[in-house]
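Student: Got a minute to go through this one with me? I'd like to take it piece by piece.

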Amino acid sequence: MIATKSMPKQSMYDTVIKQFNKTAGIIDLNPNIKKILEITNNEIVVHFPVKMDNGKVEIFTGYRVQHNNALGPYKGGLRYHPTVDVDAAKALAMWMTWKTSLAGLPYGGAKGGIQIDPRNYSDAELERITRRFTYALGENIGPEHDIPAPDVNTNAQTMAWIADTYMSTISTSERSQNQHVVTGKPVGSGGLEGRDRATGFGVYLTTKELVKSRGESLKDKTFIVQGFGNVGYWASKFLIEDGAKMIAVQDAHATLFNEEGISVENLFEHSSPRKGSIQGFTEAEEMDPEDFFGLECDILIPAALGNQITGDNAFKIKASIVAEGANGPTNEEGEAILLEKGITIIPDILCNSGGVIGSYFEWLQNRNGELWELDEVMQKLEKKLLQVFKKVEKEVGERKTDWRTAAYILAISRIETAYNQRGIFP
């Protein structure tokens, strides 16, 4: 049944809880473990003052939600966006728990950020906001406790400010041992070669493997991308290099279309000096954003925010594959429509897991005092992603189910095993 506009909007938290409950029922999850996993361990809210360039003080609200650490330290991004709140952070933290578990990493899930639109602040103000937020979080983050990473509207520079601020609170003799408090840092400040492209590469590789499993290749496949940030750019770049064609791209400012194909490099050169906005790009026509999802194409990549594919628009989608570059871009009603139409969804916890796998490599590199080269990183990343993809593919075949359900079964079962083996304290 298609949702109507009058129906209340489903939050990302509603979506993740429904997905979890569905999986818990399928695998007959231990009810005691279910009680633990359906709630978060910690929900941290901090209010902190920052002096603006004009001398006035503004009060900001920051969040960090830590869902579960049964498998290891909390891990997850920090985003700077007006939609950041506790509910959104809770949903994203739970997805991170499933994502790290599915990838076989020794991490749990966390998420957070600041409720701001960073375009309204200068670089100097953003640095002060970031440093003050880090100080306000205090011991709620740490290299063996909770390790933030970049997310929406945050980047390597943001992570460098956080690392520097955090390390400044540590005694001099131990500072160098805390560099891995965040991942996604600039390469010159302890970052990993290739971390910038890891998430987009995962979107590309899982899409390529799914197409290959159908006896086809990416050559001449058409795709459209919602969101032209880090993930959208790198996923598009890798897909185009493998023969696919980007015919449309959408961000918050414009929706562009060119059936002959859009140059990802030209679009990047256009958007970079415009704070990422694709508006005004002359090599494609602007179109009505309402018509974006209904474009004829082979692959749709939602790589922006959550809750984009809903009961209101899922029926328009003509792509045969939806590759979730963003976290939680498809809600329950939207997913039901897509599956009924025979569309395959590569779920976010598989599709965009290249980012957290890359973060794990950076964390190991810092922890062990090593420096990995780009070729080595990409080789390790591809090997790990393929392992996870094959596991999910096998589960899909054996259970005759959809890809998200299969991925959730594997992820939650691994956490259940950990609890069964360890027991619950006391």
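Student: Let's start with β7 and strand β8. In what sense do they pair, and over how many bridges?
Tutor: β7 and β8 (residues 255-257) pair in the antiparallel sense, with three bridges between them. Keep in mind that this is a predicted model.

Student: How many residues sit between β7 and β8 in the hairpin?
Tutor: Four residues lie between the two strands of that hairpin. For a landmark on the pairing, V249 has L256 in β8 as its bridge partner.

Student: And β6, how does that strand run relative to β7?
Tutor: Strand β6 (residues 222-226) runs parallel to β7, and five bridges join them. One of the pairs is T222 with K245 in β7.

Student: Which helix goes with β6 and β7 in the β-α-β unit, and what's the handedness?
Tutor: The helix is α7, and the β-α-β unit it makes with β6 and β7 is right-handed.

Student: Is β7 enclosed or open to the outside?
Tutor: Largely enclosed by the rest of the structure, because five of the six residues in β7 (residues 245-250) are buried.

Student: L256 came up as a bridge partner. What about F281, which residues is it in contact with?
Tutor: Leaving aside neighbours within four places in sequence, F281 is in contact with L256, I262, S263, N266, L267 and H270. F281 itself is in the loop between α8 (264-271) and β9 (285-286).

Student: A Phe in a loop, then. Buried or exposed, this F281?
Tutor: F281 counts as buried, because its relative accessibility is 7%. If you want a sense of scale, the C-alpha atoms of F281 and I26 are separated by 48 Å, with their positions 255 residues apart along the chain.

Student: Switching to helices. Does the span of α12 fit what you'd expect, or depart from it?
Tutor: It agrees: the 26 residues of α12 should span 38 Å at 1.5 Å a residue, and the end C-alpha atoms are 37 Å apart.

Student: Which residues of α12 are buried?
Tutor: In α12 the buried ones are V377, M378, L381, L385, V388, F389, V392, E395 and V396. Those buried residues pack against α3 (86-102), α6 (195-213), α7 (230-241), α10, α11 and α13.

Student: What happens with phi just after α12?
Tutor: K400 comes just after α12 and takes a positive phi of about 55 degrees.

Student: Now charges. How many salt bridges does the structure hold?
Tutor: There are 27 salt bridges. In α12, K390 and E393 make one, at 3.7 Å from N to O. They both lie in that helix (residues 374-399), three residues apart, about one turn.

Student: Why would a three-residue spacing suit a pair like that?
Tutor: An α-helix has 3.6 residues a turn, so residues three or four places apart point the same way.

Student: Are K390 and E393 buried or partly exposed?
Tutor: K390 is partly exposed, with a relative accessible area of 43%, and E393 counts as partly exposed at 23%. Salt bridges that share partners also join E209, K212, K390 and E393 into one network.

Student: What about D348, which residue does it bridge to?
Tutor: D348 forms a salt bridge with R404, with the closest N and O atoms 3.6 Å apart. This pair links distant parts of the chain: D348 is in helix α10 (residues 348-351) and R404 is in helix α13 (residues 403-422), 56 residues apart.

Student: Buried or exposed, those two ends, D348 and R404?
Tutor: D348 counts as buried, at 1% relative accessibility. R404 is buried as well, with a relative accessible area of 4%.

Student: Last topic. Where does the UniProt "active site" annotation fall?
Tutor: The UniProt record, an unreviewed entry, puts "active site" on K111. K111 lies in strand β4 (residues 108-114) and is buried, with a relative accessible area of 3%.

Student: Which residues is K111 in contact with?
Tutor: Outside its neighbours within four places in sequence, the contacts of K111 include Y63, R64, G76, G77, M96, D151 and N327.

Notes. Residues are numbered from 1 along each chain as its sequence is written. This is a predicted model: local features need pLDDT of at least 70, side-chain atom pairs count only at pLDDT 80 or more; totals for chains, interfaces and linings use all residues. Side-chain values use heavy atoms; hydrogens and water are left out. A salt bridge is a side-chain nitrogen of Lys or Arg within 4 Å of a carboxyl oxygen of Asp or Glu. Buried means under 20% relative accessible area, exposed over 50%, partly exposed in between (1.4 Å probe, protein chains only). The expected span of a helix is 1.5 Å times one less than its number of residues. Contact means heavy atoms within 4.5 Å. UniProt positions are given in the numbering used here, feature names are shortened, and annotations may be inferred rather than shown by experiment. Two strands pair if DSSP finds at least two bridges between them. A crossover is right-handed if, with the strands pointing away from the viewer, the path from the first strand over the helix to the second runs clockwise.
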